[in-house]
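Work through the following exercises with the sequence and the coordinates open. Each task is followed by a solution in steps.

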Amino acid sequence: MGLLLSKEPRRRPRHKRPRCGSWWRRRRRPLLRRPRGAPAKAAAPRGPDCLFRGPCMLCLVVHGPGAPAPAGPEEEPPLSSPRPLGAYGAAASSQPPARRRAGLAAEDAARRRLLSAAAAAAPGRGELGPAAAAAAARERPARSLLWALAGPVSPPAPPAASRPFRAPPAEPPAPPEMVCKRKGAGVPACTPCKQPRCGGGACGGGGGGGGPAGGGPEQQPPPPLRAPRSPAAPGGAPAEAGGDAVRAGGAAPSAARQPQHECGDADCPEGPEPPCDCHREPPPDAPDINQLPPSILLKIFSNLSLDERCLSASLVCKYWRDLCLDFQFWKQLDLSSRQQVTDELLEKIASRSQNIIEINISDCRSMSDTGVCVLAFKCPGLLRYTAYRCKQLSDTSIIAVASHCPLLQKVHVGNQDKLTDEGLKQLGSKCRELKDIHFGQCYKISDEGMIVIAKGCLKLQRIYMQENKLVTDQSVKAFAEHCPELQYVGFMGCSVTSKGVIHLTKLRNLSSLDLRHITELDNETVMEIVKRCKNLSSLNLCLNWVINDRCVEVIAKEGQNLKELYLVSCKITDYALIAIGRYSMTIETVDVGWCKEITDQGATLIAQSSKSLRYLGLMRCDKVNEVTVEQLVQQYPHITFSTVLQDCKRTLERAYQMGWTPGVSAASS
């Protein structure tokens, strides 16, 4: 036993030794004594390999002065090296072989006696029995001999009766910690799932003796096998089979199919264990809009207005800010009605994005000609320029735009009092690609500037003039002769007569004509225009008192593509409405508001006869009864009838749909 517990195995032949202690007395040998005056060496500290609490021969042999220190956790002594001995081993090595073998035999006999005495005292773990006390008494001479042989080691105190030998611990000492040097050994392992506390023998229906409750070594659970279902039995083999089936992963033999424990017993106090978190799949990542390609995000942001991009989207993150600063969003700028727009802001915008093709600075009163000049200088590719009601701007701004932006196609500068013919001359001479102009309410513009534009801009398609009293028939004639591609023409309130309007019959592509408030316009001129301009789709004759029922009848018969006809405040009766419903198959919108001679009969007949009518304006037609209009609304739901009461109802309906309530409005006010 001593050889098995020592540090290194020793293979020596066993010799039969006498069992009594008289062998020591029969053969006396000279003892090695320590010289007088020599200092005693301190004994080596006991390591974890000492199995007994009292002094023993194993301690002298293993922990002697010449014994090496116990090996560390990462290094073990070689098996082939001889066991180091103390002073006794050094003295015995110089003796003859016969004496050496006799000493070893005595050592083995002493080990056996010590182990037998410890085994006798182990059951009670208290006082030594008679046999153990007698053995201890017999061993005292032998121990003194061994201590003398040990040399300079100080002998410890002999064990007393109150301090008996104790049995070795039931569990072996923990092995030294090993360092795994394999690849990936440093990765922390997954926490094992919690196992149930009840073993096979603790709960009913399980096998006994195999688990911790049976006292045997704990074994690994068998691999999952599908066991056949069997009815539950009070005890014996069926119950055990049922428990094994549950442990194997099969279905529990229960009618209610309640979850059972792994032991197979429904009465087990331990409930079913939840699945281990280490086997669960990680939750999927939440969808992130920033994972979309930038092109898709730019397409999404293009649906936002300038305010939404600059004041909302750009404040979300730096990535969105960079996207909102993309050049395509700064090609078309709508800065209208923003008083914070100044010359400095226009200069910064033009410096950052020099590819602006459209800008709208209407109602911006804080800027001047300087800002517009800088914008025009840094954005030579400008195509569309809009500046309504900017009364502080003059010819300087329009001249700068015309000089630096030769590709200009649209110029809307209505209601600018300082604009004169000088600016229009620059536009006509330098902007040959101009297609759309709007100079309404620019009261200083005359025929001189309009004729230059008409002769220089041959690609004009839209022209609108409003209340320009200095524009006469000469301008209308110039546009009709030099701009054959004109599609929209408007001379509302200008000093134009039928002599100038008759020239518009040359425009074969004319689709929309606005002749509102032309004081000297006759019915023959209007009928001639409708007959010759076959592509005309919209005709506005409002505020012309000379237009009568005969002119409207001709318009209904000759207007093959006409869809919109505006006759507000004209001298017409119910006959005009009856003629429209009878002869026109294309007119969808008719507005006869403020026509005092219109009655219920005309409104009813046009609604009954017209197949294309979708809108009928009856605003302030005092001879039309509101009850009749209500009946028409019910009978012809596809037609929108416009009166004061009907418009108010539609407005309230839209407000209710948007969440407006009268109580909330009254409380807030």
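Of the protein's 669 residues, 38% count as buried, where buried means under 20% relative accessible area, exposed over 50% and partly exposed in between (1.4 Å probe, protein chains only). The model is predicted: local features need pLDDT of at least 70, side-chain atom pairs count only at pLDDT 80 or more, and totals for chains, interfaces and linings use all residues. Residues are numbered from 1 along each chain as its sequence is written, and side-chain values use heavy atoms, with hydrogens and water left out.

**Exercise 1. State how many helices and strands the protein has, and what share of its contacts joins residues at least 24 apart.**

Step 1. The protein has 24 helices and 13 strands; these are DSSP runs (helices H or I, at least four residues; strands E, at least two), numbered from the N terminus.
Step 2. Take contacts, meaning heavy atoms within 4.5 Å, between residues at least 6 apart in sequence: 71% of them join residues at least 24 apart.

**Exercise 2. Describe the surroundings of strand E7.**

Step 1. Strand E7 covers residues 488–492, and five of the five are buried, so the strand is largely enclosed by the rest of the structure.
Step 2. Separate the two faces: Tyr488, Gly490 and Met492 lie on one side, Val489 and Phe491 on the other, and all are buried.
Step 3. Strand E6 (residues 462–466) runs parallel to E7 and is joined to it by five bridges; strands pair if DSSP finds at least two bridges between them. Glutamine 466 has methionine 492 of E7 as its bridge partner.
Step 4. From E6 the chain passes through helix H16 (residues 473–482) to E7 in a right-handed β-α-β crossover. Right-handed means that, with the strands pointing away from the viewer, the path from the first strand over the helix to the second runs clockwise.
Step 5. E7 also pairs with strand E8 (residues 512–514), in the parallel sense, over three bridges. Here tyrosine 488 has serine 512 of E8 as its bridge partner.

**Exercise 3. Find the residues that touch the most other members of the largest nonpolar core, then list the contacts of leucine 539.**

Step 1. A nonpolar core is a set of buried Ala, Val, Leu, Ile, Met, Phe, Trp, Tyr and Cys residues joined through side-chain atoms within 4.5 Å.
Step 2. The largest one has 112 residues, and Ile359, Tyr385, Phe439, Phe479 and Leu539 touch the most other members. Helix H19 (residues 549–558) gives the most to this core, with five residues.
Step 3. Leave aside neighbours within four places in sequence; leucine 539 then contacts Leu513, Val526, Val530, Ile555, Leu562, Glu564, Leu565 and Tyr566.

**Exercise 4. For aspartate 363 and leucine 543, give phi and decide: buried or partly exposed?**

Step 1. Aspartate 363, in the loop between strand E2 (358–360) and helix H12 (369–378), has a positive phi near 60 degrees. Its relative accessibility is 17%, so aspartate 363 counts as buried.
Step 2. Leucine 543, in the loop between strand E9 (538–540) and H19, has a positive phi near 65 degrees. Leucine 543 is partly exposed, at a relative accessible area of 38%.

**Exercise 5. Classify the packing of helices H11 and H12.**

Step 1. The axes of H11 (residues 343–352) and H12 come within 8 Å and cross at roughly 5 degrees. Axes are lines fitted to C-alpha atoms, for helices over the stretch in contact, and angles run from 0 to 180 degrees between N-to-C directions.
Step 2. Angles under 35 degrees count as roughly parallel, over 145 as roughly antiparallel, 65 to 115 as roughly perpendicular and the rest as oblique. H11 and H12 are therefore roughly parallel to each other.
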